[in-house]
Amino acid sequence: MQGRTYTADAEPGDEVTVAGWVHETRDLGGIAFLILRDATGRIQVKFEKDEMDDDLVETGLDAHRESVLSVTGEVAEEPRAPTGVEVVPAAVEVLAPADPELPLDPSGKVDAELPTRLDNRTLDLRKEEVKAVFEIRAEILRATRETFRDLDCTEINTPKIVATGTEGGTELFPITYFGREAFMNQSPQLFKQLMAGSGLERVFEIGPIFRAEEHNTPRHLNEATSIDFEGAFCDHTEAMDAAEAVAKGAYEAVEENCAEQLEALGLDEEFEAPEGEFPRLSYEDALDRVNAEGDLDAHLVWGDDLSTEAEHVLGQSVGEHYFITDWPSEIKPFYIKDHDDDEELSTGFDMMHPRMELVSGGQREHRHDRLIAGFEQQGLDPEEFEYYTKMFKYGMPPHAGWGMGAERLVMTVLGLENIREAVLFPRDRQRLSP
Ligand code: ATP
Ligand code: MG
């Protein structure tokens, strides 16, 4: 608004117009206080009833909590006010009244359950600690773009409406596209590979992925944000370096630039950026460790995927971020390249936070004939993917890459319990609106 003064910039002696939400009012009889809140903080407005116009006092004090008011007046020093200053109003205007009954209490005095919060995100994000999560999320994405720039990557955007899924199968949401069946893309995998083979060579994308997974867990969404990297002339170890750089860059940016937000979340004391290199553990070592240290129902054998429980045991045991490398080829996707000296062993890797998987990646199969064989072994018709496979006939360099869940990154950086807290309007089995 023209001429609006931010709460944080109000100095004693200034004539200001502050505008924001009614955080609370305190009526002490002859004198009353209104606390007005905006994005930059809170300010006290003092009403001296005997010395002020009745209309002015009524307008200021009768507005329900969370109404939006504009207050013009002079700033005075007041050591007892929360910010050391207060506004003595000369004019008060109600810009938007709020109902007396609110579905959620933004002052945070009354706790709300997550579903109520998600149904009323606008009010929910008037709370310092919730706003802080999304400011930190934005900072993490900003830092991620910077890390990718340091890695000489070009940002791309690939289609989300596709004719065929990346890996086919059951995890796709079908849609109707001008009378034809189409799908929401589960991953930019194939498109980013096509771009690694283009003149761009090293690319990244931050965009939505859609997974029609039935499960309902604290770490899965049906629409998530994926941070994707793909680089020509990279092998799996360089791809791991890039994933590690992005994760560390996120922590460092939050540590450097989000002191206020960490404080709002009560994390200012305990926040720690990871130090040193993330250990790289082979799948085989991971199995041994789980079998030796965990108390799982079943002994894990070569070829087993790691269950949530096994991931948990490993996370506890390692106690920091780590990679799991050299997976059995049979449990990694067909487009991941096997080791040249051992076809049973894949170059696929996962990057793990002690609480959960953050990244899956690997070097890609860039040899046309092997790729076609992979599609066939997977039970997919290579013809349907011809737009992709044919580019492997025109000079597709060796390349590697990965996908990282942005919400999982935010969730683990901040120690959030539920992934839904890291996304404004989550999509899950039950939730389609708002
Ligand atoms: P998980 O085994 O934990 O379900 P995944 O192996 O199926 O994950 P990938 O297909 O490897 O997931 O996707 C790469 C990354 O994208 C994951 O490591 C994760 O960070 C993120 N991701 C994948 N699926 C989801 C989802 N449903 N919700 C949120 N993030 C996801
Ligand atoms: Mg994975």
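Select Lys 332 to begin: this lysine is buried, with a relative accessible area of 13%. You are looking at a predicted model, and this tour walks from one selection to the next.

**Stop 1: Lys 332**

Trace the backbone around Lys 332 and you will find this residue in the loop between strand S13 and strand S14 (338-339). Now show side chains. Which side chain makes a polar contact with the side chain of Lys 332? Select Asp 350: the two side chains are 2.9 Å apart at that polar contact. Setting aside residues within four places in sequence, Lys 332 is in contact with Trp 327, Ser 346, Gly 348, Phe 349, Asp 350 and Ser 360. Keep Ser 360 highlighted, as it leads to the next stop.

**Stop 2: ligand 1**

An N or O atom in the side chain of Ser 360 sits 2.9 Å from an oxygen atom of ligand 1. The protein covers 82% of the 580 Å² of accessible area that ligand 1 has on its own.

Select the surroundings of ligand 1 next. How many residues surround ligand 1? There are 14, and the closest are Arg 211, His 220, Leu 221, Glu 357 and Leu 358. Colour this shell by class and you will see five nonpolar, four polar and five charged residues.

Two more polar atoms are worth picking out. Glu 213 has a polar side-chain atom 2.9 Å from a nitrogen atom of ligand 1. With Leu 358, look at the backbone instead: one of its polar atoms there is 2.8 Å from an oxygen atom of ligand 1.

Now switch to a cartoon view. Strands S17 (356-363) and S18 (399-405) each give at least two residues to the shell. The largest share, four residues, comes from S17.

**Stop 3: Arg 211 and His 220**

Select Arg 211, which is in the loop between strand S10 (202-210) and strand S11 (223-232). His 220 is also found in the loop between S10 and S11.

Is Arg 211 buried or partly exposed? Its relative accessible area is 26%, so Arg 211 counts as partly exposed. His 220, at 16%, is buried. The cut-off for buried is under 20%.

Beyond four places in sequence, Arg 211 touches Glu 171, Phe 173, Gln 186, Ser 187, Leu 221 and Asn 222. For His 220, the contacts outside that same window are Glu 213, His 215, Arg 408, Ile 419 and Arg 420. The side chain of His 220 also joins the side chain of Thr 217 through a polar contact of 2.7 Å.

An unreviewed UniProt entry lists Arg 211 and His 220 under "binding site", in a set that also includes Glu 213, Leu 221, Glu 357 and Ala 406. Another "binding site" listing from UniProt, also unreviewed, gives Glu 167, Arg 211, Ser 360 and Arg 364.

**Stop 4: Arg 364**

Follow that listing to Arg 364, in the loop between S17 and helix H10 (368-377). How accessible is Arg 364? Its relative accessibility is 1%, so Arg 364 counts as buried. Turn on its contacts and, leaving out residues up to four places away in sequence, you will meet a list including Gln 189, Lys 192, Tyr 335, His 399 and Trp 402. Glu 230 deserves a click of its own: its side chain and that of Arg 364 are joined by a polar contact of 2.8 Å.

**Stop 5: Ala 406**

Jump to Ala 406, in helix H12 (residues 406-414). Ala 406 is buried, with a relative accessible area of 3%. Away from its neighbours up to four places along the sequence, Ala 406 touches Leu 141, Thr 225 and Ile 227.

**Stop 6: helix H9**

Select residues 308-318 to bring up helix H9, whose buried residues are Ala 310, Glu 311, Val 313, Leu 314, Gly 315 and Val 318. What covers these buried residues? The cover includes strand S12 (280-282), helix H8 (283-293), strand S13 (322-325), strand S16 (349-353) and S17. After H9 comes Gly 319, with a positive phi near 75°.

**Last stop: Arg 121**

Finish at Arg 121, in helix H3 (residues 121-124). Arg 121 has 3% relative accessibility and counts as buried. Its contacts, not counting residues up to four places away in sequence, are Val 130, Phe 134, Arg 420, Glu 421, Val 423, Leu 424 and Phe 425.

Terms used. Residues numbered from 1 in each chain as written. Chains lettered and ligands numbered in written order. Predicted model: local features only at pLDDT ≥ 70, side-chain atom pairs only at ≥ 80, totals over all residues. Heavy atoms only, no water. Near = heavy atom within 4 Å. Polar contact = N/O pair within 3.5 Å; in protein donor to acceptor, adjacent residues only side chain to side chain. Areas by Shrake-Rupley, 256 points an atom, 1.4 Å probe, with all protein chains shown as cover. Nonpolar A, V, L, I, M, F, W, Y, C, P; charged D, E, K, R; others polar. UniProt positions renumbered as here; feature names shortened; annotations may be inferred. Buried < 20%, exposed > 50% of the residue type's maximum accessible area, 1.4 Å probe, protein only. Contact = heavy atoms within 4.5 Å.
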